[in-house]
Amino acid sequence: MSNEPINVGILGFGVVGGGLYKVLTDNAESITQRVGRPVNIRKIADIDWDRPRDIEVPVELRTTDANEVINDDAIRIVVETIGGVKSALGFVMAAIEAGKSVVTSNKEMIAKHGGDILDAAAAKSVDVQFEGAVGGVIPIIRTLKESLDADQIDEIMGIVNGTTNYILTQMSREKVEFDKALKEAQDLGYAEADPTDDIEGIDAANKLAILSAIAFGHRMDVDRIYREGISQILPEDIAYAERMGYVVKLLAIARRHDDDEFEVRVHPVLLAETHPLAAVVGPFNAIFVRGQACDEVMLYGRGAGALPTGVAVGGDVVDCARNLAHGATGRVPCACVGQAEIVPMGEVKSRVYVRMRVKDQPGVLGAIATIFGSHPGRYRRQDRRHHLDHARV
Ligand code: HSE
């Protein structure tokens, strides 16, 4: 086998790009040993090299033009860590068209355009890998795509957003206010460029679309995933939950109803303190999978941050390099068959916690009970409510 280096180009040099650079350069020797050939960073494109960064990159590696990476024939693997869909999608499609393997941590792009990207990759027989897109360092994509491939998965439930888990933990354990906790999460590099994506559950819904599509083998329309964020949660909700023996967590839940119908939702949940996911605090994520043969599998790790996400992306780069070295690209293609039918939230059964501010006078509770009694199985969307999920974990 040749010992020519396998060249890598990186598009976007923010938190994840920086983490990837550090991992690939710090561990260059062991990676060479594992792949059998050096994995060399040849070029990095970013539109702003003046932005303050913790990591210094040699000037000769820098460019401001992504096309210099995509059109460089010596580059075999293009890593996209720009984020968002606008420019990233075009660059990724161009890299695939140029016959390069692609690694990305871009959950929004994969959630919304994964089908087209993977179809294009299959046509060119190149790899597209995206382990860093879900759960930071947690190897959930490879686990679902390869390790559990022989099973039939029926349920996925997880904490898949580090920022909101960090905020909820800070509010509950340190009594920090929402805005301050969010600012801390931003300073620590956990939050999205627009943190609305985190706190309104958009990021978690993108990740759930990816996980459920892989697990169930049907493409998921992210816009049809039921979604509530944590922006409406007040410190008193957390205090009441604690008094009742619960913690508040933003969960992503996907369940098989039958072979073509799936329940897919993201919202705050009251989890019993004894539930394994209740112990997942700060920026950590955990993903629980239930399969017909495997029964229960749970993976845990840092869900956000430069190095944890950088090492997940780095693992994909190593895998792509190995496949290139052995002429085995395109080995694990998309296995989705058609589009999933999503069960409307109104048809999903779940217990619900409702907190109401009422006048302290006789008859109020009776009146409330009458209203609930006359609307069996229904609740209004604007009520402050949290789903109760004792789960079967
Ligand atoms: N903003 C994301 C999070 C980053 O907090 O989980 C990792 O995907």
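How much area does the chain expose, and what share of that area do carbon and sulfur atoms supply? In this predicted model, the exposed area of the chain amounts to about 18,200 Å², and 49% of that area is supplied by carbon and sulfur atoms. Of the 393 residues in the chain, 52% are buried.

The overall dimensions were examined next. Along the principal axes, the C-alpha atoms occupy a box of roughly 80 × 45 × 35 Å. The radius of gyration of the chain is 22 Å, which agrees with the value near 21 Å that a compact globule of 393 residues would have. Contacts between residues at least 6 apart in sequence join residues at least 24 apart in 74% of cases. With respect to charge, the chain carries 57 negative and 44 positive side chains; the centres of these two sets are separated by 3 Å.

The secondary structure comprises 15 strands and 13 helices. Among the strands, β2 spans residues 39–45 and pairs with both β1 and β3. Strand β1, formed by residues 6–11, runs parallel to β2 and is joined to β2 by six bridges. Within this pairing, Val 8 has Ile 41 of β2 as its bridge partner. The pairing of β2 with strand β3 (residues 62–63) is likewise parallel and involves two bridges; here Ala 45 is matched with Thr 63 of β3. Strand β2 is mostly covered, with five of its seven residues buried.

Key:
Residues are numbered from 1 along each chain as its sequence is written. This is a predicted model: local features need pLDDT of at least 70, side-chain atom pairs count only at pLDDT 80 or more; totals for chains, interfaces and linings use all residues. Side-chain values use heavy atoms; hydrogens and water are left out. Helices (H or I, at least four residues) and strands (E, at least two) are DSSP runs, numbered from the N terminus. The radius of gyration is taken over C-alpha atoms; the globule rule is 2.2 Å times the number of residues to the power 0.38. Buried means under 20% relative accessible area, exposed over 50%, partly exposed in between (1.4 Å probe, protein chains only). Contact means heavy atoms within 4.5 Å. Accessible areas come from the Shrake-Rupley method with a 1.4 Å probe; for residues, only the protein chains shown count as cover. Lys and Arg count as positive and Asp and Glu as negative; His and the chain ends are not counted. The place of a charge is taken as NZ of Lys, CZ of Arg, CG of Asp or CD of Glu. Two strands pair if DSSP finds at least two bridges between them.
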